[in-house]
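Take a moment with the sequence and the model below. Then follow the chain through its parts, step by step.

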Amino acid sequence: MKKILVSLLTMVSLTAIAEPLKIVVPYSAGGPGDQTARYIAKKLTDQGIESVVLNKPTAGGQLALYELIEKPDNKTLLLVGNGLVVAKALEDQKINEAVKKFVPIVYVSSYSNVLVASKSSNIKNWSEFQSALKSKKVN
């Protein structure tokens, strides 16, 4: 993460920014994307580059992407998550065209998603879950 921030700081410091750098997060405040953007914004601000995070929870990031296409500028970044990747994989033509108008500048993080079960279910792993499905013990 440190190398990534150095790269991002270098990229941003090379551009003259008269107003705050905006980092648009297409998810609600408090989640992993928001926390990542706030961490980056703090590091940028610590380096003298005023930065703000704008949460715009929208259809997997698609509406935030379209908004940036309609009003492009050099002081707004979009933190892209997997919603856009999924939409692109589903051959969403509008997303495919929109994504062509952006360039990824740095990989900032990855998140793991985990399926969990209640302790009272006695399911401890994937095999037990599959067995419970087959025997219809899972509703």
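In what order do the 3 strands of the open sheet lie? The order is β2-β1-β3. The pairing is parallel. That leaves β2 and β3 at the edges, where each pairs on one side only. Look for β2 at residues 51-55 and for β3 at 76-78. The sheet is not flat from strand to strand: on average, neighbours are turned by 25° against each other, direction ignored.

What holds strands in a sheet together? Strands pair through backbone hydrogen bonds, and the pairing can be parallel or antiparallel. Here, strand β1 covers residues 21-25. Its pairing with β3 is parallel and runs over 3 bridges. One pair to find is V24 and L78: L78 is the bridge partner of V24 in β3.

Now add the helices that meet the sheet. Helix α3, residues 62-70, packs on it and touches β1 and β3. The direction of α3 makes about 150° with that of β3. Helix α2 takes in residues 32-46 and lies across β1 and β2. Relative to β2, helix α2 runs at about 165°.

Step back to the whole chain. This is a predicted model. The protein chain has 6 helices and 3 strands. Read from the N terminus, its elements run α-β-α-β-α-β-α-α-α. Many contacts reach far along the sequence: among those between residues at least 6 apart, 69% join residues at least 24 apart.

Return to helix α2 for its charged side chains. How many salt bridges does the structure hold? There are 2. One joins the side chains of R38 and D34, with 2.8 Å from N to O. These two residues sit 4 apart in helix α2, so about one helical turn separates R38 from D34. Their surroundings can be read from accessibility. D34 has 3% relative accessibility, so D34 counts as buried. The cut-off for buried is under 20%. R38 has a relative accessible area of 41%, and therefore R38 is partly exposed.

The other salt bridge is between the side chains of K42 and D46, at 3.0 Å from N to O. K42 and D46 also belong to helix α2. They too are 4 residues apart, about one turn of the helix. Are these two residues buried or exposed? K42 is partly exposed, with a relative accessible area of 48%. D46 is partly exposed as well, at 46%.

One more residue deserves a stop. Where is N122 found? Look in the loop between α5, residues 93-99, and α6, residues 126-134. The phi of N122 is near 65°. That is a positive value in a residue other than glycine. Is N122 buried or exposed? N122 has 54% relative accessibility, so N122 counts as exposed. The threshold for exposed is over 50%.

Finish with the surface. Of the 139 residues in the protein chain, 28% count as buried. The chain exposes about 9,900 Å². Carbon and sulfur atoms supply 57% of that area.

Now go back over the picture. Start from the open parallel sheet, in the order β2-β1-β3. Place α2 across β1 and β2. Set α3 against β1 and β3. Then find the salt bridge of R38 with D34 and that of K42 with D46. Last, pick out N122 in its loop between α5 and α6.

Note on methods. Residues are numbered from 1 along each chain as its sequence is written. This is a predicted model: local features need pLDDT of at least 70, side-chain atom pairs count only at pLDDT 80 or more; totals for chains, interfaces and linings use all residues. Side-chain values use heavy atoms; hydrogens and water are left out. Two strands pair if DSSP finds at least two bridges between them. Axes are lines fitted to C-alpha atoms, for helices over the stretch in contact, and angles run from 0 to 180 degrees between N-to-C directions. Contact means heavy atoms within 4.5 Å. Buried means under 20% relative accessible area, exposed over 50%, partly exposed in between (1.4 Å probe, protein chains only). A salt bridge is a side-chain nitrogen of Lys or Arg within 4 Å of a carboxyl oxygen of Asp or Glu. Accessible areas come from the Shrake-Rupley method with a 1.4 Å probe; for residues, only the protein chains shown count as cover.
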